[in-house]
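Colleague: Can you walk me through this one, a bit at a time? I'm new to reading structures, so keep it simple.

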Amino acid sequence: MKNKTFRRCYDIARSHIKTIILVSILSIFIDLLELSKPYLVKIIIDDFLSLGIDKKIFLSINIIGIIYLIIVLIGNALDFFARTKTNIMGEEVLYEMRNKIYKYTQNANISFHDKTPAGKLFVRITNDVEDISSLFKDVITTFLKDIISILGIIIVMIYFSLKLSLLAFIVIPFVIITSILLTKTLNKIYDNTKSVRTKLNTFLAESIYGAKLIKIFNIQKEKQNECEKLTQDFFDARLPSAIYEGLFPGLMTLFENLAITVIIVVSINNWFGISIEIGAVYIFVSYIKSLFEPINRVIDNIEIVQEAIVSINKIYDILDKKEYLEDFEKGKSLSNVKGKLEFKNVWFAYTKDNWILKNISFTINPGETIALVGKTGSGKTTITNLVNRFYDIQKGEILLDGINIKEYNKRDLRQHIGTVLQDPFIFSRTIKDNIKLNKKISNKDILKSIELASANEFVNSLSNGINEVSKERGESYSAGQKQLLAFARIFAHNPDIFILDEATANIDTYTENLIQKSINILSAQKTAIFIAHRLSTIVNVDKIIVLDNGEIVEEGSHNELLKSNGYYAKLYNSYYESLG
Amino acid sequence: MKEVIKTVLKKRLIIAVGIFVTVGIYIYLLTLPSKIIGTIIDLLSNIAQNKELITEKIKLLLIITLLCLIVRIIWRYLVAYTTRFFEKTLKDKLFGHFLKIKLANIQNIKNGELMSYFVRDIAEIRGFLYRILAQATRIFFITIIATYTMKSINIKLTIATLFPIIITTIVTIILKKHIEKNFIKSQKYFTNLSEYVQESTDAIRTTKAYSGEENQFKKFVKRNKILKQSNIAVDTYSTLLSISVSVCFGLCYAITIIYGSKLVLNNIITIGEFVAFNGYIDLFHGPISWLPRIIYNFKRAQISYNRLNNVFALEEEHLKITAGHSANQIKGNICIKNLTFNYPGNLDCILDNISIEIKEGETLGIIGTIGSGKTTLMNLLLRLYPIPKGKIFINNQDINNIDLTSLRNSISYITQDNFLFSTTIKDNISLFKENFGDEEIKDSTEKSMISGEIRNMSEGIYTVIGERGIDLSGGQKQRVVISRAFLKKSNIIIFDDTFSALDNKTEKSLLNNIKELVKGKTCIIISNRISDVKDADNIIVLDAGQIVEQGTHQTLLKNGNLYSKFYNQQSSMENDSILN
């Protein structure tokens, strides 16, 4: 398990090893320069000020002052370089990880997307990736730098006085324990606050969405009470953090001054045979002050590392599942499709042994149209998802022009199958882009497809015509209009097999007529499969397949099925009666 | 907006004063340790003589550190309390206002935009308040107290060291401007990328069906790269900022070393004062980086303040009319006289000279194409939009004279968007009103044909649905929503296109239950399907905002106009095939 995490971290860091080494070496220099600063002041105090002179053989206060300034400048220049390098590395990592996950989600098959909620993927690409980048931006380099500076300070202090240093170090365990305890307590509060905030924001978002409903049913008072309760919860959850946030720096100063107290008390009393120069007191005070900062940062960074490891594992748990990835290129290429489609004893289950399709067999000859009829869950949609290999079947064969569809490459196969979904997806791009998607199609052909799909009246009514940009998810268009656009897509891409999952949403009679017109044109030209919800759509198809519970229960033309007076006839009659 | 600030200030004025006082004390205490350590260093030159004095000073140091800790906690708590209380009050007030804003005023604002008022703008203003209370006050006191203390040691040295600090403050303000600019850009790119990710995961089936994976990925990489570059710019400027602060303080220390030493050698200041001076300079570390942040926070907060002010300025609905008719349940004789309507600020006429009369106990059917004005007419009936006097009457009362609460309480308007809150089924039906028992709720689900499915859920009517619970299908949602009408039993009941996702059998039984429910009540059924409206006492055909036909099913069929055309379209294919 540990090993796996390490391999994953290495995988991310691999292309940045050089930067990491360079920045680490620079950090050592920066630390050394930083440590030498209080030492210079000590020299001035002990060797000049205490003695009342301003010049020695080689040195003078002015020269030391200038050396101090040069150290400041060089140190900061190196620091700027190192930090910029690190930041760029962090952003590169972020960029690479986002690309990796996005690519995975695009190449992963539909089963993957069924199992993984879209929100989860979104969080992986946005938040989790940020955690990793802070590992690279803040931790990898400062971690080492801090450790070096902690060790450096300890060594220099011991060099001045071993006994005094040991006494001063008594406070270090307290610093560490307090830091860890407070960080833990604060994190608990923050986590708690986060979940309350999520609740509050969900509530607000929902109320905004349901504004009209709230008015219609007069539930303003109920909603206001709920809001006040949630804001109070948030207030109560967040407030305690102020105490701990206030406590932390105060406690650190307390420890710092405790250490200074110990040093001074011991040295003035000559306990343990310790006596001290004034300059050394200065240097001890300075070093103790600069010792706490890296210690606390290391503790904070441990937290960041833990979070980053969790995120890395979450991300790689997805990336490492190669079984979901689709290979679009593998297999024969496919051109000149005649359009004969055969299902031979097909068995299919989304999850093991939970058979959705049981031994399905049927044949559609080139140019024929079949309709799939049955209750929700009878397996109609599943059949259409098998033809374009959104899912692969477990038993049996699906043949296109006599060849198993598994032998074709997926890209070609899908290009020859056109599907109109119940609720077609409209990208927030122009109508033109929505029709051509990723294929190069001329404006002339797009306009022709729009006309063939009877969408011209609707498109012309838009102020920018085919250049009109749709709102998010095509929210500005009705379900019927979206379907018309989806038909235009089909006409523009001209696939050989046409699959239609008819909309259940209410579509007005006028639009429904336009849709019907498109359906008629397409089914006259192509091999077509319909999932029909309106019986009026299917009475003219060549064959109707009635499914129940994953099995074919009836099969035949409309008139044949009516005559046989089975399931279909019952369904048909009830619809007709309802019309009066 | 101003009022909210006033009420918070009035209620918590003492706390605000408390904050000011505690900050003053805190800063004063902060200057003391450096001074004490300085004194101790001076006393160390003659340990034997000053031993007792040093011990006393040490005790004082510890006491002051402890006091510092306590004052700091009190101050932080007061700040957090005030800012969070302000946030809560503002959120509650804004929500209360939002619930009352006229629908026409919020309809043009995107949901995401409304949400950002609650989340981003309030946070921005709270953030600014925090900076004022926590940082601006500190800057104020540090400048006064620290400068005063430094000046008391030596005025020339003070001026010499403060000079670079002032210069750096100006530099940081300028640098911060660039950071801010790039940060806003980065945020925009990030939103852009997030939206793209969300769209692509939602669109995955369409993308796959058209083999668009590679293209989608390319477009993603392009966006990702822009984001990366923009982030690097922000990072670089930020690094530059902290480096310049660090150089500035290096310069200050160098000046103290060179110039301060001279003063020591000339016996103008003591070594202890020389050391203490360095400690005072440290106090400026915070303010120098806070000041630019406060300035830019102020700019952002100003924008947010104006945005919120605009929202608060949106006109509210007047739920109660003092002189109005406020019977608990209004009986339903509805009369609409020559109603013409267009949405505020929109020239298109949605309803054109509509006159309708519905007697108590009658059912009206409305049928028409999308955009014919059906839903608008219902919105006006509930006065969701302002409507001129003398147009709509209920029980001979102009609806402008009926108070909104009792008007809406008397009408059950079931809308077509079947919106559900993510809470229990029970709360979704009763809409948080507590005066309904479980049995009544169950009874209403029985009537709306959803009780069977609810019984199969583990928690029954207490099952949580939506974001925090299970997903319902479109048909199930519709039936849950319809249950509201069976529970509320208002005198006027409206079904606006609410049967579209139901199968024929369910729809038929449901229509029967509705007939039972609306006996003696006024009912309006809007639909595209003839089967839903054919039994109504009166049917209106709407087309482009006008009533083109009116009558019973039989008379309308005889007329041979639009209604019979709809009828023929909906049953033509069946007729054809039967004739065959």
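Modeller: Sure. Two strands pair if DSSP finds at least two bridges between them. Keep in mind that this is a predicted model.

Colleague: Then let's use that on chain A: in which sense do β1(A) and β2(A) pair?

Modeller: β1 covers residues 341-349 of chain A and β2 covers residues 355-364. Six bridges link them, and in one spot A:V346 stands opposite A:I360. The sense of the pairing is antiparallel.

Colleague: Which residue in the hairpin of β1(A) and β2(A) takes a positive phi?

Modeller: Look at the turn, where five residues sit between the strands. The phi there is near 65 degrees, and the residue that takes it is A:D353.

Colleague: And in β4(A), what is the bridge partner of A:E342?

Modeller: β1(A) also pairs with β4, residues 395-400 of chain A, in the antiparallel sense over five bridges. Go to A:E342 and look across to β4(A), and the partner is A:L399.

Colleague: How far apart are the centres of the two domains of chain A?

Modeller: Domain 1 of chain A is made of 2-87 plus 144-288, and domain 2 is 341-579. Take the centres over C-alpha atoms, and the separation is 62 Å.

Colleague: On to chain B. What span is expected for helix α8(B) at 1.5 Å a residue?

Modeller: Helix α8(B) runs over residues 213-265, which is 53 residues. From first C-alpha to last it reaches 76 Å. That is close to the expected value, 78 Å.

Colleague: Where does α8(B) bend?

Modeller: There's a bend of about 25 degrees along this helix. Don't mix it up with B:N267, just after α8(B), which takes a positive phi of about 60 degrees. The bend itself is at B:Y259.

Colleague: How many residues does α8(B) give to the side of chain B that touches chain A?

Modeller: Start with the whole interface: 115 residues of chain B are in contact with 118 residues of chain A. On the chain B side, they divide into 59 nonpolar, 33 polar and 23 charged. The largest share comes from α8(B), with 27 residues.

Colleague: Is helix α9(B) largely enclosed or open?

Modeller: Count the buried residues in α9(B), which spans 271-283: 12 of the 13 make it, among them B:F274 and B:Y280. The cover includes α2 and α11 of chain A, together with α2, α5, α6 and α8 of chain B. Because so many of its residues are buried, α9(B) is largely enclosed.

Colleague: Why isn't B:R307 counted as buried or exposed?

Modeller: B:R307 sits in helix α10(B), residues 285-313. Leaving aside neighbours within four places in sequence, B:R307 is in contact with B:Y117 and B:D121. Buried takes 20 or more C-beta neighbours within 10 Å, and exposed takes 12 or fewer. B:R307 has 18 inside 10 Å, so the label is partly exposed.

Colleague: Last one: which residues of β6(B) point the opposite way from B:I411 and B:Y413?

Modeller: In a regular strand the side chains alternate between the two faces of the sheet. β6(B) covers residues 411-414, and four bridges join it to β7(B), which runs parallel to it. B:I411, whose bridge partner is B:I492, points one way along with B:Y413. All the residues named for this strand are buried, and the ones pointing the other way are B:S412 and B:I414.

Conventions:
Residues are numbered from 1 along each chain as its sequence is written. Chains are lettered from A and ligands numbered from 1 in the order in which they are written. This is a predicted model: local features need pLDDT of at least 70, side-chain atom pairs count only at pLDDT 80 or more; totals for chains, interfaces and linings use all residues. Helices (H or I, at least four residues) and strands (E, at least two) are DSSP runs, numbered from the N terminus. The expected span of a helix is 1.5 Å times one less than its number of residues. The bend at a residue is the angle between axes fitted to the seven residues ending there and the seven starting there. Two residues are in contact if their C-beta atoms, placed from the backbone, lie within 7 Å. Ala, Val, Leu, Ile, Met, Phe, Trp, Tyr, Cys and Pro count as nonpolar, Asp, Glu, Lys and Arg as charged, and the others, Gly among them, as polar. Domain bounds come from an automatic or database domain assignment.
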